[in-house]
Amino acid sequence: MSDQEKIDKIKNWLDEKNITNIIAIDTSEFTIDMDVFIIGTALNDRLARTASEYVEEKCKEEGYTLLGREGHQAGRWILLDLVDILVHIFVNDERELYALEKLWADGKKV
């Protein structure tokens, strides 16, 4: 499976759980540790946790390695580390505050 297929699957899984404003940014030129950030917005912390759990479940089914998960308890910014892809699920005000899209603006959207 290509990296793009993996990215597309993760984006689709987020969309299935009503995560909005989903983007993927290629960070491979700027970092050693990861190739892509996938960022999405949840309406609330409960939806963010539900989406995170769903993505984790689907990744397990696909055989993707999950190195770690952060922020699940609070649900305001959840990070899933899938080795080469970092999935960020924010509630809206946290996404605006941290503005990762601006931080990684030099990265190509994929």
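A residue is called buried here when its relative accessible area is under 20%, and exposed when that area is over 50%. The model to which these terms are applied is a predicted one. Leu47 has a relative accessibility of 18%, so it counts as buried. This residue belongs to helix α2. Leaving aside neighbours within four places in sequence, Leu47 has contacts with Lys17, Asn18, Ile19 and Ala42.

One of those partners, Asn18, leads to the loop between α1 and β1, where it is found. Asn18 and Leu47 stand 29 residues apart along the chain, and their C-alpha atoms are separated by 8.0 Å. Is Asn18 buried or exposed? Its relative accessible area is 54%, and because the limit for exposed is over 50%, Asn18 is exposed. Asn18 also has a positive phi, of about 65°, although it is not a glycine.

A second asparagine with a positive phi is Asn21, at about 50°, and this residue is not a glycine either. Asn21 sits in strand β1. With 51% relative accessibility, Asn21 counts as exposed, because the threshold is over 50%.

Strand β1 brings the reader to the sheet. The sheet is open and has six strands, in the order β3-β4-β5-β2-β1-β6, with mixed pairing. Its edge strands are β3, residues 68–70, and β6, each of which pairs on one side only. Starting from the β3 edge, β3 and β4 run antiparallel and are joined by three bridges. Within this pairing, Glu70 has Leu79 of β4 as its bridge partner.

Further along the order, β2 and β5 pair in the parallel sense, over seven bridges. Ala42 is bridged here to Val91 in β5. On the other side of β2 comes β1. Strand β1 covers residues 20–26 and strand β2 residues 36–42; the two run antiparallel, with five bridges between them. Asp26 finds its bridge partner in β2 at Val36. At the β6 edge, β1 is joined by two bridges to β6, residues 108–109, and these strands also run antiparallel. The bridge partner of Ile25 in β6 is Lys109.

How many of the residues of β2 are buried? Seven of its seven residues are, and the strand is mostly covered. Val36, Ile38, Gly40 and Ala42 point one way from β2, while Phe37, Ile39 and Thr41 point the other way. The residues on both sides are buried.

The next topic is nonpolar packing. The largest nonpolar core contains 22 residues, and those with the most contacts inside it are Ile10, Leu14, Ile38, Ile85, Val87 and Ile89. At least two residues of this core come from each of α1 (3–16), β2, α2 (45–62), β4 (77–81) and β5 (85–91). Helix α2 supplies the largest share, six residues. Apart from this core lies another, of eight residues, which include Ile25, Ile39, Leu86 and Leu100.

Ile89, one of the residues with the most contacts inside the largest core, can be followed outward to its partners. Neighbours within four places in sequence left aside, Ile89 is in contact with Leu14, Ile19, Gly40, Ala42, Ala48, Ala51, Ser52, Arg76, Trp77 and Ile78. Among these, Ala42 is also a contact of Leu47, and so is Ile19. Gly40 and Ala42 belong to the set that points one way from β2 together with Val36 and Ile38.

The last topic is enclosed space. Rolling a probe the size of a water molecule over the atoms shows where empty space is left. In this structure there is one cavity of 30 Å³ or more. The space in the largest cavity comes to about 30 Å³. Which residues line the largest cavity? They are Asp3, Lys6, Ile7, Asp35, Val36, Asp84 and Ile85. Helix α1 gives the largest share of this lining, three residues. By character, the lining residues divide into three nonpolar, no polar and four charged. Two residues of the lining have already appeared above: Val36 is the bridge partner of Asp26, and Ile85 is among the residues with the most contacts inside the largest nonpolar core.

Note on methods:
Residues are numbered from 1 along each chain as its sequence is written. This is a predicted model: local features need pLDDT of at least 70, side-chain atom pairs count only at pLDDT 80 or more; totals for chains, interfaces and linings use all residues. Side-chain values use heavy atoms; hydrogens and water are left out. Two strands pair if DSSP finds at least two bridges between them. Helices (H or I, at least four residues) and strands (E, at least two) are DSSP runs, numbered from the N terminus. A nonpolar core is a set of buried Ala, Val, Leu, Ile, Met, Phe, Trp, Tyr and Cys residues joined through side-chain atoms within 4.5 Å. Buried means under 20% relative accessible area, exposed over 50%, partly exposed in between (1.4 Å probe, protein chains only). Contact means heavy atoms within 4.5 Å. On a 1 Å grid over the protein atoms alone, a cavity is a set of points where a 1.4 Å probe fits but cannot get out, and a pocket is an open set with protein on both sides within 12 Å along at least five of seven lines; lining residues have an atom within 4 Å of a point. Grid points are joined across faces, edges and corners, and a volume is the space filled by probe spheres set on the points. Ala, Val, Leu, Ile, Met, Phe, Trp, Tyr, Cys and Pro count as nonpolar, Asp, Glu, Lys and Arg as charged, and the others, Gly among them, as polar.
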